[in-house]
Amino acid sequence: MHELAITEGLLRSAQKETEKYNVKKVINIKIKIGELSGVMPQLIQEYFNIVSNDTIAAGAELIIEKIPITVKCL
């Protein structure tokens, strides 16, 4: 359930940036989520659709890039 708190924080950050730059509408938000982060991208998307209602980001596209695991063997 920590995805809800992450999503709310993401939206708060976006709203602060829109205020700083006097933006009227958010079209998309791009985020990266690592495979080992423990965060479920599909839940972030679902929560974003809910918590962004009635905000400057309502209807914005959430673009989630999954960062694959990289392992180096020395």
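## Helix crossing and strand pairing

Helix H1 passes helix H2 in a right-handed crossing. The model described here is predicted. The axes of H1, which covers residues 2-20, and H2 come within 9 Å and cross at roughly 55 degrees. Angles between 35 and 65 degrees fall outside the parallel and perpendicular ranges and count as oblique, and H1 and H2 are therefore oblique to each other.

On the H1 side, the contact is made by Glu-3, Leu-4, Ile-6, Thr-7, Glu-8 and Leu-11. H2 contributes Leu-43, Ile-44, Tyr-47, Phe-48 and Val-51. By residue type, this contact between H1 and H2 divides into eight nonpolar, one polar and two charged residues.

The chain as a whole has two helices and two strands. Along the sequence they follow the pattern α-β-α-β. The table gives the residue range of each element.

| Element | Residues |
|---|---|
| Helix H1 | residues 2-20 |
| Strand S1 | residues 28-34 |
| Helix H2 | residues 41-51 |
| Strand S2 | residues 61-67 |

Strands S1 and S2 pair with each other in the parallel sense, over seven bridges. Within this pairing, Gly-34 stands opposite Ile-67 in S2. Between the two strands, the chain leaves S1, runs through H2 and arrives at S2. This β-α-β crossover is right-handed. H2 thus has two roles in this description: it is the helix of the crossover, and it is also the partner of H1 in the helix crossing.

As for overall dimensions, the C-alpha atoms of the chain fill a box of roughly 50 × 25 × 15 Å, taken along the principal axes.

How values were computed. Residues are numbered from 1 along each chain as its sequence is written. This is a predicted model: local features need pLDDT of at least 70, side-chain atom pairs count only at pLDDT 80 or more; totals for chains, interfaces and linings use all residues. Side-chain values use heavy atoms; hydrogens and water are left out. Two strands pair if DSSP finds at least two bridges between them. Helices (H or I, at least four residues) and strands (E, at least two) are DSSP runs, numbered from the N terminus. A crossover is right-handed if, with the strands pointing away from the viewer, the path from the first strand over the helix to the second runs clockwise. Axes are lines fitted to C-alpha atoms, for helices over the stretch in contact, and angles run from 0 to 180 degrees between N-to-C directions. Angles under 35 degrees count as roughly parallel, over 145 as roughly antiparallel, 65 to 115 as roughly perpendicular and the rest as oblique. A crossing is left-handed if the near helix is turned anticlockwise from the far one by less than a right angle, and right-handed if clockwise. Contact means heavy atoms within 4.5 Å. Ala, Val, Leu, Ile, Met, Phe, Trp, Tyr, Cys and Pro count as nonpolar, Asp, Glu, Lys and Arg as charged, and the others, Gly among them, as polar.
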